[in-house]
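Q: I would like to learn how to read the empty space, the cores and the helices of a protein model. Could we work through one example together?

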Amino acid sequence: MRRFHFYTLLLWLFAVNPCFAAKTKGIFYPANDSNIQYFGRVDFSNPLKPKFWASGVYVKIKFSGSFCELQINDEMIYGSVNNYLEVQVDQQLPYRTQTTGKDNKIVLAKNLPDGEHTIVVCKNTEAENGYLELVGFVCEKLLAPPAKQKRRLEFIGDSITCGAASDESEIPCDKGKWHDQHNAYLAYGPTTARALAAQWQLSSVSGIGLMHSCCEKTILMPQVFDKINMAKDSLLWEFNRYQPDLVSVCLGQNDGIQDSVKFTAAYVKFVKTLRGHYPMAKIVLLSSPMASPGLNKTLQKYISAVIAYLSTQGEENTGYYFFSKSYNDGCGGHPSVNNHQAIAAELTAYLKKTMKW
């Protein structure tokens, strides 16, 4: 009789009280759990709901069990813009997903083999698509993460560095919304970092330049480089939180051909600003991998002049790399995902040599 009452109670709990059933599936771990690793420019003003705007900000967890759910809020800027995420489970192929509203519960993985698993969640869309606010994860057991990779890279740039207009896997060019082809995770920077077993940070804004930005944009990279949200926010970034071993700068595509004296002066000033923030980092200036032949030739002259001048000022921990060709297979003449793999292969080979990695 007692056994009958016990099983009757269990059936009632699962059938009548779905919350009880849900709770038995996993444990909610809030965003401030020490086992959640954050990478990139994140605002921790509210540790229970840390915000991040930039392309390529990523979060990593390790857990045991067969499933994992992400709880995340989307700013839903303009009331209609949903951010894209890239998710990689263990060594499986990464996949894209998108928020559907302000409050989101996204199943990242299910029916996994029992055991330990690692998940990386990366913001594919950029600051102008609004912030994401991480609430927490639900899984059977969150585990202590592996040690963070020792190498640290930072990639400064424009839409190319953001991974904009590169991914037509779901929505082709000229269809959907302007951000539907964004994929920061598969852009050249994160791809290079993964090849070099390094952390990454993208400091990039579509359309931005050193002294001239395109598309009616009023900001310039030197004005916003010290911000958490480089598109428009006033929150200051604390540079001591991330000191890269190497910083690459890929700017000039939106500047176009400018007065050489003014452009190189602006570039020298920006490199000196970087050196003030990063006294030990190698700083590498890149040509634009989507530039036309004329612009490419001009940018190479500008960059060579900047490096030569900095050398006369005692700045020796700098370098440059000029891409072998123009990559324009994505939307609007941008690099495609496949192009980004080729760009990353070029840059990876150069960095292995120059950094002796």
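**Pockets, cores and a helix**

A: Let us begin with the open space: in this predicted model, the largest pocket has a volume of about 360 Å³. Of the 15 residues that line it, the closest to its centre are Gln88, Gln91, Val120, Tyr185 and Arg194.

Q: Which strands supply at least two residues each to the lining of the largest pocket, and how many of the lining residues are nonpolar, polar and charged?

A: Strand E5 (58-74), strand E9 (116-123) and strand E12 (198-204) each supply at least two lining residues. Sorted by class, the lining of this pocket holds eight nonpolar, four polar and three charged residues.

Q: How should I read space that is closed off, and how many cavities of 30 Å³ or more are there?

A: The general idea is that rolling a probe the size of a water molecule over the atoms shows where empty space is left. Here the count comes to one cavity of 30 Å³ or more, and the largest cavity has a volume of about 30 Å³. Its lining is made up of Phe52, Val57, Tyr58, Val59, Ile72, Leu85, Val121, Cys122, Lys123 and Leu134, with E5 and E9 each supplying at least two of the residues. By class, nine residues of this cavity lining are nonpolar, none is polar and one is charged.

Q: Turning to the packed interior, which members of the largest nonpolar core touch the most other members?

A: A nonpolar core is read as a set of buried residues joined through side-chain atoms within 4.5 Å. The largest one has 38 residues, of which Ile156, Phe225, Val249, Tyr267, Phe270 and Leu285 touch the most other members. Helix H5 (221-224), strand E13 (246-250), helix H6 (260-277), strand E14 (282-286) and helix H7 (293-312) each supply at least two residues of this core, and H7 gives the most, with seven residues.

Q: What is Phe270 in contact with, once its neighbours within four places in sequence are left aside?

A: With those neighbours left aside, Phe270 is in contact with Ile156, Leu210, Met221, Pro222, Phe225, Val249 and Leu251. Apart from this core lies another, of 31 residues, among them Leu186, Leu246, Val337 and Tyr350.

Q: How does the reach of helix H8 (337-355) relate to the span expected at 1.5 Å a residue, and which of its residues are buried?

A: H8 has 19 residues and reaches 26 Å from its first C-alpha to its last, which is close to the 27 Å expected at 1.5 Å a residue. Its buried residues are Val337, Asn339, His340, Ile343, Ala344, Glu346, Leu347, Thr348, Tyr350, Leu351 and Met355. What covers these buried residues includes strand E11 (151-157), helix H3 (159-162), helix H4 (188-195), E13, E14 and strand E15 (318-321).

Q: What follows H8, and is that residue buried or exposed?

A: H8 is followed by Lys356, whose phi is positive, near 60 degrees, although Lys356 is not a glycine. Lys356 is exposed, with a relative accessible area of 71%.

Q: Where is Tyr78 found, and what is its phi?

A: Tyr78 is found in the loop between E5 and strand E6 (84-89), and has a positive phi of about 65 degrees although it is not a glycine. Exposed means over 50% relative accessible area, and Tyr78, with a value of 65%, is therefore exposed.

Notes. Residues are numbered from 1 along each chain as its sequence is written. This is a predicted model: local features need pLDDT of at least 70, side-chain atom pairs count only at pLDDT 80 or more; totals for chains, interfaces and linings use all residues. Side-chain values use heavy atoms; hydrogens and water are left out. Buried means under 20% relative accessible area, exposed over 50%, partly exposed in between (1.4 Å probe, protein chains only). Helices (H or I, at least four residues) and strands (E, at least two) are DSSP runs, numbered from the N terminus. Contact means heavy atoms within 4.5 Å. On a 1 Å grid over the protein atoms alone, a cavity is a set of points where a 1.4 Å probe fits but cannot get out, and a pocket is an open set with protein on both sides within 12 Å along at least five of seven lines; lining residues have an atom within 4 Å of a point. Grid points are joined across faces, edges and corners, and a volume is the space filled by probe spheres set on the points. Ala, Val, Leu, Ile, Met, Phe, Trp, Tyr, Cys and Pro count as nonpolar, Asp, Glu, Lys and Arg as charged, and the others, Gly among them, as polar. The expected span of a helix is 1.5 Å times one less than its number of residues.
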